[in-house]
Amino acid sequence: QVVNDRTTNWTIIPGATRAWAQHIFGGLEPQAAWERLCAELIHVLRLDEPDPVAAWMARGDALLRAAAAMNERRFEALRFVSEGTDLTVGLLPSSNWEAAKFETVDGVVHRPNLPSEEIFSAPDPERVDGVVRSTKPLEVGGAEILGLEVEFRGGRAVRIDAEQGADVLRAQVAKDDGAARLGEVALVDGDGRIGPLGTVFYDTLLDENAASHIALGMAYAICVGEEDSGRINKSEIHIDFMIGAPDQVVYGVEDGGAEVPVLAEGRWQI
């Protein structure tokens with residue numbers, strides 16, 4: 001919990017955060033670990049800005065512009081290329097890119113998750129092919145998965161290997177038919193604050209904002225038009241893992257097969 005005393009001073013209330021800090025920064029003494037976690041949370045939440053609300057409005061607007069540019073291009077697929085990764089993720093005809101700002105049916109504008117550094121969409125669960133390597137550790141059910149590599153064919157994960165914890169993810173993707181397919185694809189540029197820290201928070205809502213990522217399992221219905229609602233992936237699980245890297249280039253694939261750079265070295269190209 002983060003509170004403000006109505007000055008410019010922000011305070012993180014201790015409690016469960018102390019155990020969390022030790023999990024993240026196990027090499028530090030407990031108090032030092034907690035202080036570092038507090039400092040990093042204040043930074044990634046932009047609470048160190050003179051006007052945090054204005055800072056988030058500006059960041060949100062930048063993400064909305066990126067999402068609008070992607071929606072305007074209507075790419076047929078995305079291709080991720082970096083060391084150990086060459087993955088093509090098909091998109092549905094009405095796949096829509098969403099970002100940090102939403103509106104309820106009665107017109108209330110809200111930002112449901114902070115920090116938010118991503119734009120995201122729902123892929124075609126039947127058109128994912130290639131090999132992808134995770135670029136960050138992944139925690140699933142308390143188990144840490146390191147050095148993850150997944151191979152997709154025809155949309156399905158047909159091979160899951162890892163330096164550590166592969167069996168944990170294999171068990172997850174065996175839960176139902178959609179668990180081995182993708183339900184989300186997300187792009188994160190280099191202006192986010194989590195990735196440059198190099199910290200793994202072991203909390204998906206933080207860690208997914210460190211780098212571009214994909215998710216096995218359930219898709220978000222808001223990311224497609226009604227005409228494609230029956231085609232999105234359905235599953236009991238939704239497991240995000242980071243695949244973005246400083247050297248990665250993400251291409252938008254057009255209908256004729258031409259590839260257009262979308263994101264390169266953390267910078268938007270469209």
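What follows is a look at the packing inside this predicted model, from its nonpolar cores to one helix and a cavity.

The largest nonpolar core takes in 41 residues. Its best-connected members, going by contacts inside the core, are L78, W97, I119, F152, L187, I214 and F241. As for where the residues come from, helix α3, spanning residues 52-73, gives the most to this core, with four residues. W97 makes a handy place to look around. Leaving aside residues up to four places away in sequence, W97 touches A67, M70 and N71, along with L78 and L91. Its other contacts on that count are I119, F120 and S121, plus V185, A186 and L187. There is also a second core, separate from the largest one, with 15 residues, among them A21, L37, I194 and L206.

Helix α4 (residues 166-173) buries A166, L169, Q172 and V173. These four sit on the same side of α4, because they cover an arc of only 125° around the axis. That fits a simple rule of helix geometry: an α-helix has 3.6 residues a turn, so residues three or four places apart point the same way. The cover over the buried residues of α4 includes the strands β9 (138-140), β10 (143-145) and β12 (156-161), as well as β14 (213-217) and β15 (238-242).

Then there is the question of empty space. Searching the whole structure turns up one cavity of 30 Å³ or more. The largest cavity holds about 30 Å³ of space, and K136, T199, V200, D207, A210 and M242 line it. By type, that lining splits into three nonpolar residues, one polar and two charged.

Methods:
Residues are numbered from 1 along each chain as its sequence is written. This is a predicted model: local features need pLDDT of at least 70, side-chain atom pairs count only at pLDDT 80 or more; totals for chains, interfaces and linings use all residues. Side-chain values use heavy atoms; hydrogens and water are left out. A nonpolar core is a set of buried Ala, Val, Leu, Ile, Met, Phe, Trp, Tyr and Cys residues joined through side-chain atoms within 4.5 Å. Buried means under 20% relative accessible area, exposed over 50%, partly exposed in between (1.4 Å probe, protein chains only). Helices (H or I, at least four residues) and strands (E, at least two) are DSSP runs, numbered from the N terminus. Contact means heavy atoms within 4.5 Å. The arc is that of the directions from the helix axis to the C-beta atoms. On a 1 Å grid over the protein atoms alone, a cavity is a set of points where a 1.4 Å probe fits but cannot get out, and a pocket is an open set with protein on both sides within 12 Å along at least five of seven lines; lining residues have an atom within 4 Å of a point. Grid points are joined across faces, edges and corners, and a volume is the space filled by probe spheres set on the points. Ala, Val, Leu, Ile, Met, Phe, Trp, Tyr, Cys and Pro count as nonpolar, Asp, Glu, Lys and Arg as charged, and the others, Gly among them, as polar.
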